[in-house]
Amino acid sequence: MWLPFAFLIIGVILGLLTDLRVPDAYTDYLTIAVLAAFDTLLGGIRAQLEKKFEDIVFLTGFFTNVSLAALLAFLGVQLGIDLYLAAVFAFGVRLFQNIAIIRRHLINQTINSRKLKKNPEK
Amino acid sequence: MILLSKRTKWLMSLIFALVGFMLAIQFQTASSEPEFRDTRDQWEVRQALQEQQKLQQELLEQIAQADRTLEEYGEVSDAEKLETLKSSIHQLEQEAGLAELEGSGIIITLAPIFQEWEEGAPAYPTVSPSLLTHLINELNTFGATGIGVGEERFISISPVRNVNGETYINNRPMPPLPITIKVITSNPKKMMDYVNASRSRDMFALDQIAMEVEAGQHIELPGYEDNLQVDILELDRSKETGED
């Protein structure tokens with residue numbers, strides 16, 4: 001389980017070392033892509049806890065979400081509407097929901113394991 | 001404990017790395033300050049360079065002069081030291097306008113224009129403070145090194161005020177017209193042309209005052225007599241000279 005987080009840190013370090021900067025015009029796209037990535041990650045963790053995780057769903061979900069968000073932002077720019085705000089809102093809501101569900105699962109897990117420890121015969 | 005297959009684990013790790021990368025870039029983009037762009041064109045850069053060169057030359061001259069004074073202090077006897085000190089004081093007084101000043105310059109004579117007065121018009125024209133300030137500002141712009149209005153030396157902190165309807169300079173009333181304004185400058189002919197072509201002449205004419213200008217080779221200005229009140233001035237320490 002520690003491997004993904006190690007890779008997360010490696011990714012951050014790589015990003016900082018490359019000293020890459022996105023031009024001002026494209027910051028919205030990046031923001032929304034980061035949000036989409038977060039959402040997918042949390043969704044993946046949640047699915048794992050619910051024992052419904054499938055890597056193909058996770059993989060396609062990640063890339064479709066990110067590109068869809070970017071597309072929405074692009075469409076918004078073309079139409080002159082801040083459509084990317086809609087994506088930010090949707091992802092934000094889903095982030096909170098996912099985190100809430102993950103929290104509940106984790107709490108249930110710990111409670112169950114304690115109960116098991118107290119009366120292991122049951 | 002969550003159990004993952006090996007393949008899924010690596011997949012997750014790669015996605016995590018990607019997310020981390022995106023995060024880092026996002027962080028860098030958000031925290032980077034907008035780049036300062038130099039939008040001056042060649043001409044403006046050249047002008048700025050020239051200004052700096054001029055400043056440099058002035059500073060070098062000042063340093064050379066200070067060095068000379070220091071040398072004089074260092075190598076000579078006490079009596080001569082006193083002389084040097086006195087000359088330094090005299091020089092400073094001249095720069096501040098406390099000492100008398102002689103040199104070439106122009107004399108401006110302000111005299112009333114006599115004509116048949118209309119009903120209700122002022123009986124005798126007077127120079128208003130705003131008009132005088134305007135003229136003095138113009139003279140300073142044209143490169144005056146010293147200005148004397150009547151018997152008053154006009155220095156950088158001289159007030160021009162309206163007191164009970166009369167114009168006061170250096171807190172003393174201005175004498176009635178005609179009055180002479182003496183200006184010392186290094187190039188009297190050019191100054192005369194400037195003054196002749198300036199807007200002040202028309203503005204004085206509107207107030208029924210004629211302006212006559214003549215050049216002089218030997219003009220004397222009185223010194224400023226009052227105490228210099230510079231208590232209100234504060235040393236600006238925000239930027240030292242030569243620091244940039």
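Here are a few friendly notes on this predicted model, covering a sheet and a helix of chain B and the contact with chain A.

1. Let me start with the sheet in chain B. Three strands form an open sheet in the order β4-β5-β6, and their pairing is antiparallel. The edges are taken by β4 (160-163) and β6 (172-173) of chain B; each has a single partner strand, so one side of each has no neighbour in the sheet.

2. A closer look at one pair may help when you inspect the backbone. Strand β5 of chain B covers residues 166-169 and runs antiparallel to β4(B), with 4 bridges joining the two. One pairing to look up is that of R161(B), whose bridge partner in β5(B) is Y168(B). Helix α4 of chain B, residues 129-141, packs on the sheet and touches both β4 and β5 of chain B. The direction of α4(B) makes about 170° with that of β4(B).

3. Next comes helix α3 of chain B, which spans residues 78-96. Its 19 residues reach 27 Å from the first C-alpha to the last, close to the 27 Å expected at 1.5 Å a residue. How many of the 19 residues of α3(B) are buried? The number is 0, so α3(B) lies largely in the open. After α3(B) comes G97(B), with a positive phi near 90°.

4. Finally, the two chains meet. Chain A gives 27 residues to the contact and chain B gives 23. On the side of chain B that touches chain A, the residues divide into 14 nonpolar, 7 polar and 2 charged.

Note on methods
Residues numbered from 1 in each chain as written. Chains lettered and ligands numbered in written order. Predicted model: local features only at pLDDT ≥ 70, side-chain atom pairs only at ≥ 80, totals over all residues. Pairing = 2+ DSSP bridges. Contact = placed C-beta atoms within 7 Å. Axes fitted to C-alpha atoms, helices over the stretch in contact; angles between N-to-C directions. Nonpolar A, V, L, I, M, F, W, Y, C, P; charged D, E, K, R; others polar. Expected span 1.5 Å × (residues − 1). Buried ≥ 20, exposed ≤ 12 C-beta atoms within 10 Å, placed from the backbone.
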